[in-house]
Amino acid sequence: MAHLRSRRRLALAVPVVLSLTASLGFIPGVATAAAPQSAPAATAADGPNLAYVVNTKTDRRTIESVKKAIAKAGGTVVTTYAKIGVIVVHSANPEFGPQIRTARGVQSAGATRTTPLTAAGTTDEGAADYLSAAEAAKVKAAATPESEPLEADQWDLRAIGADKAAKIDPGSKKVTVAVIDTGVDDTHPDLAPNFSAKQSANCVGGVADTSEGAWRPYTAEDYHGTHVAGEIAAARNGIGVAGVAPGVKVSGIKVSDPDNGLFYPESVVCAFVFAADHGVEITNNSYYVDPWLYNCMNDPDQKAIVDAVNRAQQYATKKGTLHLASAGNSNHDLDSDAIVDDTSPDDSTPVSRTIDPHECFDVPTQLPGIVTVSATGVQNLKSYYSTYGKGVIDIAAPGGDRLYQIPDTPSKNGRILSTMPNNQYGFLQGTSMASPHAAGVAALLKSEHPWASPAQLQALLKAQADNPGCPDSYDQDGNGTQDANCEGGKRVNGFYGFGIVNALKAVK
């Protein structure tokens, strides 16, 4: 994921979006799902069927007027989030975007994909490495009486004092962390004790499905969300691994498309609103919203995506939900003047473009108020892949480093061991793994300070972090060239923000 900085977050960098969202009012209430409307045949059959977000004011008269304009332009309303003024639409009219943007009451509107409705945007780095039975036996042999059977391989827990913190306060059952991701396998024995089904859903397509098991991954290959959930709240029950906050609740909100695994904006909008309306205290966001790695405000489609997702996450924040997001695995400096993005759009044919990270934003990571997390390895050094940037990164947490930071553990694996679907365990690395470690610490802080607001929780996260400061050298491959440049001092810098999270300090 990405973030801001020189322009001090999106609050100054995206005045148009924030001026719009500031006027929304965020009245408490539940998003309303509208019945699909029939589109006029004369305007709906010329192009591919695409999804759109149409953003308006939140008053009922404006929303109804815009719905009529949507139908006139050949659009079908999928659902309406009236409290934030976001309408999800499908249309086969190739001119739907330009036409609806001229309608009275429309503040921004654009397509959420570049290919018709029918490569995942998660932030893990590399393929999963499953723990075999033989390897598991070796790890279990190194277990102590007080640890979980596979905890000897969990260097990450010891790096942030989570093993010691659990003995003081494992976290409160009154705190729930929602994993917005590829789904969570709540039947896993390490997750079942702490799973909250009533705060889980399938939000794919923009409408929440809360039927039994709708939140589970499609297949075992959709393991990302289950791995993340285990890092946060795998129970200390003598079975496998432990989470950073083994006493809190975890829920799953699935947003990955079943056909291509992508995280489309309308699904993420649904997830943030659902989390807020179901009392979730913290969300973990180890992904970027597809199809654009960076959304540029001079493009009407990308601007509409930023606007819609920002409205949803701010709605949740207003209702007391703190959001954490991964910084990304491109080793990009998000405080630089220019970045080459050759991966977007990722739902069709990518084109190479040079973007200014102060004008083009990684969503949801660079949105205001969201905690951005970079990744570290066992040596408390920035992981080789982790994106960074002064004024962008808020905090850092263990995400793993299989190349340059190898732990002295039974498996000698520098990645993060956690739960996988079908009662399995495996290693992954990435800022996807860093964010849930920080979310777990945030859950411990919320357990200790139940009345803390999202802003106060973020301040507490930064206050308890340990900052190693910029390294003297960051030539990881030893070729004589710096692989990344850390700017800033001991208090705050581009590699670690305010520092690496500390679970033990959080409960003390």
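Visitor: Which residues line the largest cavity?
Guide: This is a predicted model. The largest cavity holds about 40 Å³ of space. Its lining consists of Asp333, Asp335, Tyr388, Gly389, Lys390, Asn485, Glu487 and Gly494.

Visitor: How many residues of the lining of the largest cavity are charged?
Guide: The lining divides by residue class. One residue is nonpolar and three are polar. The charged ones number four.

Visitor: What volume does the second largest pocket have?
Guide: Its lining includes Ala142, Thr144, Glu151, Arg158 and Arg236. Asp163, Ala166 and Lys167 are also among the lining residues. The volume of this pocket is about 210 Å³.

Visitor: Which helix gives the largest share of the lining of the second largest pocket?
Guide: By class, the lining has four nonpolar, two polar and six charged residues. The largest share from one element is three residues. They come from helix H7, residues 162-168.

Visitor: Which residues touch the most other members of the largest nonpolar core?
Guide: This core has 60 residues. Helix H11, residues 431-448, gives the most to it, with nine residues. The members with the most contacts to other members are Ile282, Leu324, Val441 and Leu461.

Visitor: What is Ile282 in contact with, leaving aside its neighbours within four places in sequence?
Guide: One group of partners is Val175, Thr176, Val177 and Ala178. Another is Thr321, Leu322 and Leu324. The rest of the list is Ala439, Ala442, Ala443 and Lys446.

Visitor: How many residues are in the other core, the one that lies apart?
Guide: Val255 and Met297 are among its members. Ala304 and Val363 belong to it too. This core has 38 residues.

Visitor: What share of the protein chain is buried?
Guide: The secondary structure comes to 13 helices and 18 strands. The chain has 508 residues. Buried residues make up 62%.

Visitor: How much of the area that the protein chain exposes do carbon and sulfur atoms supply?
Guide: The chain exposes about 17,700 Å². The carbon and sulfur share of that area is 51%.

Visitor: Where is Pro345 found, and what is omega for the cis peptide bond that joins Ser344 and Pro345?
Guide: Pro345 sits in the loop between strand S12 (339-341) and strand S13 (353-355). The bond from Ser344 to Pro345 is cis. Its omega is about -5°.

Visitor: What is omega for the cis peptide bond from Val363 to Pro364?
Guide: Most peptide bonds are trans, so a cis bond stands out. Pro364 lies in the loop between strand S14 (360-361) and strand S15 (371-376). For the cis bond from Val363 to Pro364, omega is near 10°.

Visitor: Is Asn331, a residue with positive phi, buried or partly exposed?
Guide: Asn331 has phi near 55°, positive although the residue is not glycine. It lies in the loop between strand S11 (322-326) and S12. Its relative accessible area is 23%, and buried means under 20%. Asn331 is therefore partly exposed.

Visitor: What is the relative accessibility of Asn423?
Guide: Asn423 has a positive phi of about 65° and is not a glycine. Its place is the loop between strand S17 (416-420) and strand S18 (424-428). Exposed would need over 50%. Asn423 counts as partly exposed because its relative accessibility is 47%.

How values were computed: Residues are numbered from 1 along each chain as its sequence is written. This is a predicted model: local features need pLDDT of at least 70, side-chain atom pairs count only at pLDDT 80 or more; totals for chains, interfaces and linings use all residues. Side-chain values use heavy atoms; hydrogens and water are left out. On a 1 Å grid over the protein atoms alone, a cavity is a set of points where a 1.4 Å probe fits but cannot get out, and a pocket is an open set with protein on both sides within 12 Å along at least five of seven lines; lining residues have an atom within 4 Å of a point. Grid points are joined across faces, edges and corners, and a volume is the space filled by probe spheres set on the points. Helices (H or I, at least four residues) and strands (E, at least two) are DSSP runs, numbered from the N terminus. Ala, Val, Leu, Ile, Met, Phe, Trp, Tyr, Cys and Pro count as nonpolar, Asp, Glu, Lys and Arg as charged, and the others, Gly among them, as polar. A nonpolar core is a set of buried Ala, Val, Leu, Ile, Met, Phe, Trp, Tyr and Cys residues joined through side-chain atoms within 4.5 Å. Buried means under 20% relative accessible area, exposed over 50%, partly exposed in between (1.4 Å probe, protein chains only). Contact means heavy atoms within 4.5 Å. Accessible areas come from the Shrake-Rupley method with a 1.4 Å probe; for residues, only the protein chains shown count as cover.
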